[in-house]
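Open the model in your viewer and keep the sequence panel beside it. Each stop on this tour gives you something to select and then says what is there.

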Amino acid sequence: MSKETEKQRWQRNFADLLQELRVAQTGVQILFAFLLTLPFSNGFTRTSPFQKDVYIVSLLAAAAATALIISPVAFHRALFRQGRKPELVRFAHRMASGGLAFMLISMVSAVLLITDFVLDRPIAFVLSALTAVWFLTFWMVLPFARRGWGDDDIDDEDDNPRTLAGD
């Protein structure tokens, strides 16, 4: 059986990226919706100036994340049927990475806002820092630490007829 062509690889990469963006988009949209409604809740008037500043950071970061995570769709519409899939995949990868960075900022800021509202500030800072470490561990440290993990297995799979047949 033949290996995929470069065009097929770019198409597969784009399809994979779109699936990933669907997951991220849902999460950031839920967070953004929550943040948009927060000022209209009864307890928001009791927030301190610091908490309002943290809220603004979280809201703007969620807006930036939303824009970046959705931008590959607009880019795809602009480049549709122009044979520029490699450019589209590279752009979408950068936008997705930037969107995840802003999503991290928004999530940690939202945790800081809420924990500062219900707990003492030093505890809120500790919990927010732990949240940042938790996200960074799963979004950056582990993926980058495992980038080359399984490379030998990929070479073996290419030679295995069962793998090529889709088993």
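The tour starts with the whole chain and then moves through single residues, a pocket and a salt bridge.

**Stop 1: the whole chain**

Show the chain as a cartoon. This is a predicted model, so the places and distances below belong to a prediction. The chain has 167 residues, with 6 helices and 0 strands. Followed along the sequence, the pattern is α-α-α-α-α-α. Of the residues, 29% count as buried. Among contacts with a separation of 6 or more, 69% are between residues 24 or more positions apart.

**Stop 2: colour by confidence**

Colour the chain by pLDDT. The average is 82, and 85% of the residues score at least 70. Where is confidence highest and where is it lowest? Helix α4, residues 121-145, has the highest mean, 93. Helix α6, residues 161-164, has the lowest, 42. Now select residues 154-167, where the pLDDT is below 50. Beyond near neighbours in sequence, this stretch has 7 contacts in the model.

**Stop 3: Ser58 and Thr66 in helix α2**

Select residues 49-79, which make up helix α2. Within helix α2, pick Ser58. Is Ser58 buried or exposed? Ser58 counts as buried because its relative accessibility is 0%, and the cut-off for buried is under 20%. Show its surroundings: leaving out residues up to four places away in sequence, Ser58 touches Leu35, Ser106, Ser109 and Ala110.

Thr66 is also in helix α2. Its relative accessible area is 12%, so Thr66 is buried. With neighbours within four places in sequence set aside, Thr66 is in contact with Val28 and Phe32.

**Stop 4: Leu21 and Asn13 in helix α1**

Move to helix α1, residues 6-37, and select Leu21, which is found in this helix. Leu21 is buried because its relative accessible area is 6%. Which residues does Leu21 contact, beyond its neighbours within four places in sequence? They are Ile69, Pro72 and Ala96. Next, draw a distance between the C-alpha atoms of Leu21 and Ile70; the value is 7.8 Å, with their positions 49 residues apart along the chain.

Asn13 is found in helix α1 too. With a relative accessible area of 23%, Asn13 is partly exposed. Draw a second C-alpha distance, from Asn13 to Lys85: the two are 9.4 Å apart in space and 72 residues apart in sequence.

**Stop 5: Arg94 in helix α3**

Helix α3 covers residues 85-118. Select Arg94, which lies in this helix. Arg94 is exposed, because its relative accessible area is 51% and the cut-off for exposed is over 50%. The C-alpha atoms of Arg94 and Pro72 are 9.6 Å apart, and the two residues are 22 apart in sequence.

**Stop 6: the largest pocket**

Turn on a surface and look for the largest pocket, which holds about 860 Å³ of space. To find its centre, select Glu20, His93, Ala96, Ser97 and Leu100, the lining residues that lie nearest to that point. In total, 23 residues line this pocket. Which elements give two or more residues to the lining? They are α1, α3 and α4. The largest share, 9 residues, comes from α3. Colour the lining by residue type: it divides into 15 nonpolar, 3 polar and 5 charged residues.

One residue of this group has already appeared on the tour: Ala96 is among the contacts of Leu21.

**Stop 7: the salt bridge**

How many salt bridges does the structure hold? The count is 1. Side chains of opposite charge can pair when their charged atoms come close. Select Asp116 and Arg121 and show their side chains, which meet in this salt bridge with an N to O distance of 2.8 Å.

The two partners have these accessibilities. Asp116 counts as buried because its relative accessibility is 8%. Arg121, at 34%, counts as partly exposed.

**Last look**

Return to the cartoon of the whole chain and its 6 helices. Keep the confidence colours on, and note again that over residues 154-167 the pLDDT is below 50.

Technical notes. Residues are numbered from 1 along each chain as its sequence is written. This is a predicted model: local features need pLDDT of at least 70, side-chain atom pairs count only at pLDDT 80 or more; totals for chains, interfaces and linings use all residues. Side-chain values use heavy atoms; hydrogens and water are left out. Helices (H or I, at least four residues) and strands (E, at least two) are DSSP runs, numbered from the N terminus. Buried means under 20% relative accessible area, exposed over 50%, partly exposed in between (1.4 Å probe, protein chains only). Contact means heavy atoms within 4.5 Å. pLDDT is the predictor's confidence in each residue, from 0 to 100. On a 1 Å grid over the protein atoms alone, a cavity is a set of points where a 1.4 Å probe fits but cannot get out, and a pocket is an open set with protein on both sides within 12 Å along at least five of seven lines; lining residues have an atom within 4 Å of a point. Grid points are joined across faces, edges and corners, and a volume is the space filled by probe spheres set on the points. Ala, Val, Leu, Ile, Met, Phe, Trp, Tyr, Cys and Pro count as nonpolar, Asp, Glu, Lys and Arg as charged, and the others, Gly among them, as polar. A salt bridge is a side-chain nitrogen of Lys or Arg within 4 Å of a carboxyl oxygen of Asp or Glu.
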